[in-house]
Amino acid sequence: MPRTASDLFERYHVKTYRYFLRTVGSHDVAQDLTQELFLRVVRHLRSCSPGREVAWMFRIARNLVVDYRREHSERSLPLAQAVGGRTEATQLVAFGLSEALGLLADADREVFLLREVAGLDYQELAEACDTTPQAVRLRVSRARGRLKALLSRRLSADENRRRNEDG
Amino acid sequence: MTPNQAEVLSAFFDGEAVETDALAASLQEHDAIEFLLEFARLRRAVHEDTSRPTEEFCEAMRERLARADRQRQSRRRLAQTSLAASLALAAALGGFTARGALERRQPGPRGGALTQASQAPDRSSGATAQPVSLPIVKTPDDGTRARSKQTIPSPGLRMRFTEWHDAVL
């Protein structure tokens, strides 16, 4: 298990960057948040229990996102406004994953991204999100159900296109 | 598919432990396979993201973090060295003090010389106060002194007590 900030950076900088990018939607902001995350890691790594670095680091990442959202609430992803409140699955097939993620509740999006992008297990997710594994399980399932409803047509179409390209 | 069944499938898909009975019930649903396939498609869509931070950013961060790690390690080394030096100093001082104490004790005489002190008589027998022998320790500077200050009260106090005791009797 990595015990220096450099090791953690080598292992997780892409995942954390993608998590930030999916969450805030801007490359520059995602890089800034990644930088801030690892600077905090190097400052406070000693306070982290050995073996819990990943959950601890993504907890910091999550808090950075929360802080960013609070400070830049006017710039947060206004997707619900952009689609004029039309959130029916049939009206959203044209949207991509990022847009669909923007329609999830914050807590559901958070656990879904930490699960799929960062690869945290439910116990680590619970530690990172300050909740229980049971709540994590529910949130991940709810996020998947919602995304499935929003994106199933698009995902099926992508699957068919890929199949045609391969065949 | 009920929300609970979907939750079981979702947890199963993530490799988490699930109740086998609940899993069996969920898998028997007609759309269970479709759910699992959708989860897999969703995962693939997420993993198709190839965005990365720029190489310049990564290089700058690597340098910065390596420098910070080095500083942290040198601080830790300095702290460890200081601690080791403090412990060595404390051990040396302790040894020196213990040695001094031992040297002072080793040539000391055994108890044997006498001094007199009045022992309080038994009130019921009506006996008078009797002298009692106590060990003393000779010191090089002032002649003799009691081995234990606690066992031998000062003469003034002792006299006052004896006088008081005799007067009571």
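**Exercise 1.** How many helices and how many strands make up the secondary structure of chain A?

*Solution.* The model is predicted. Step 1: chain A has nine helices and zero strands. Step 2: read from the N terminus on, its elements run α-α-α-α-α-α-α-α-α.

**Exercise 2.** Describe chain B in the terms used for chain A, then set out burial and contact range for each chain.

*Solution.* Step 1: chain B contains five helices and four strands. Along the sequence they follow the pattern α-α-α-α-β-β-β-β-α. Step 2: in chain A, buried residues make up 41% of the 167 residues. In chain B, 9% of the 169 residues count as buried. Step 3: take the contacts with a separation of 6 or more. Residues 24 or more positions apart account for 63% of these contacts in chain A, and for 35% of them in chain B.

**Exercise 3.** State the average pLDDT of chain A and locate a stretch where the pLDDT is below 50.

*Solution.* Step 1: the average for chain A is 83, and 83% of the residues score at least 70. Step 2: the pLDDT is below 50 over residues 78–94 of chain A. Step 3: beyond near neighbours in sequence, the stretch 78–94 of chain A has 15 contacts in the model.

**Exercise 4.** Characterise the packing of α1(A) against α2(A) by angle, distance, handedness and residue class.

*Solution.* Step 1: two packed helices are described by the angle between their axes and the distance between the axes. Step 2: helix α1 (residues 5–24) and helix α2 (residues 27–44) of chain A have axes that come within 8 Å and cross at roughly 145°. Step 3: the crossing of α1(A) past α2(A) is right-handed. Step 4: on the α1(A) side, the residues in contact include Leu8(A), Phe9(A), Tyr17(A) and Phe20(A). On the α2(A) side, among them are Leu33(A), Leu37(A), Phe38(A) and Val41(A). Step 5: by class, the contact of α1(A) with α2(A) has 14 nonpolar, five polar and no charged residues.

**Exercise 5.** Is Val14(A) buried, partly exposed or exposed?

*Solution.* Step 1: Val14(A) lies in helix α1 of chain A. Step 2: count the other C-beta atoms within 10 Å of its own; there are 18. Step 3: a residue is buried at 20 or more and exposed at 12 or fewer. Val14(A) is therefore partly exposed. Step 4: Val117(A) is 103 residues away from Val14(A) along the chain, yet their C-alpha atoms are separated by 9.5 Å.

**Exercise 6.** Which residues of helix α8(A) are buried, and why do they line one face of the helix?

*Solution.* Step 1: α8(A) covers residues 122–129, and its buried residues are Tyr122(A), Glu124(A), Leu125(A), Ala128(A) and Cys129(A). Step 2: viewed down the axis of α8(A), the buried residues fall within an arc of 155°, so they line one face. Step 3: the general background is that an α-helix has 3.6 residues a turn, so residues three or four places apart point the same way. Step 4: Asp130(A) follows α8(A) and has a positive phi, near 60°.

**Exercise 7.** Analyse the contact between the two chains from the side of chain B.

*Solution.* Step 1: the contact takes 25 residues from chain B and 30 residues from chain A. Step 2: α1 (3–13), α3 (32–47) and α4 (55–105) of chain B each supply at least two residues of the side that touches chain A. Step 3: α4(B) gives the largest share of that side, eight residues. Step 4: by class, the side of chain B that touches chain A has 13 nonpolar, two polar and 10 charged residues.

Conventions
Residues are numbered from 1 along each chain as its sequence is written. Chains are lettered from A and ligands numbered from 1 in the order in which they are written. This is a predicted model: local features need pLDDT of at least 70, side-chain atom pairs count only at pLDDT 80 or more; totals for chains, interfaces and linings use all residues. Two residues are in contact if their C-beta atoms, placed from the backbone, lie within 7 Å. Ala, Val, Leu, Ile, Met, Phe, Trp, Tyr, Cys and Pro count as nonpolar, Asp, Glu, Lys and Arg as charged, and the others, Gly among them, as polar. pLDDT is the predictor's confidence in each residue, from 0 to 100. The arc is that of the directions from the helix axis to the C-beta atoms. Axes are lines fitted to C-alpha atoms, for helices over the stretch in contact, and angles run from 0 to 180 degrees between N-to-C directions. A crossing is left-handed if the near helix is turned anticlockwise from the far one by less than a right angle, and right-handed if clockwise.
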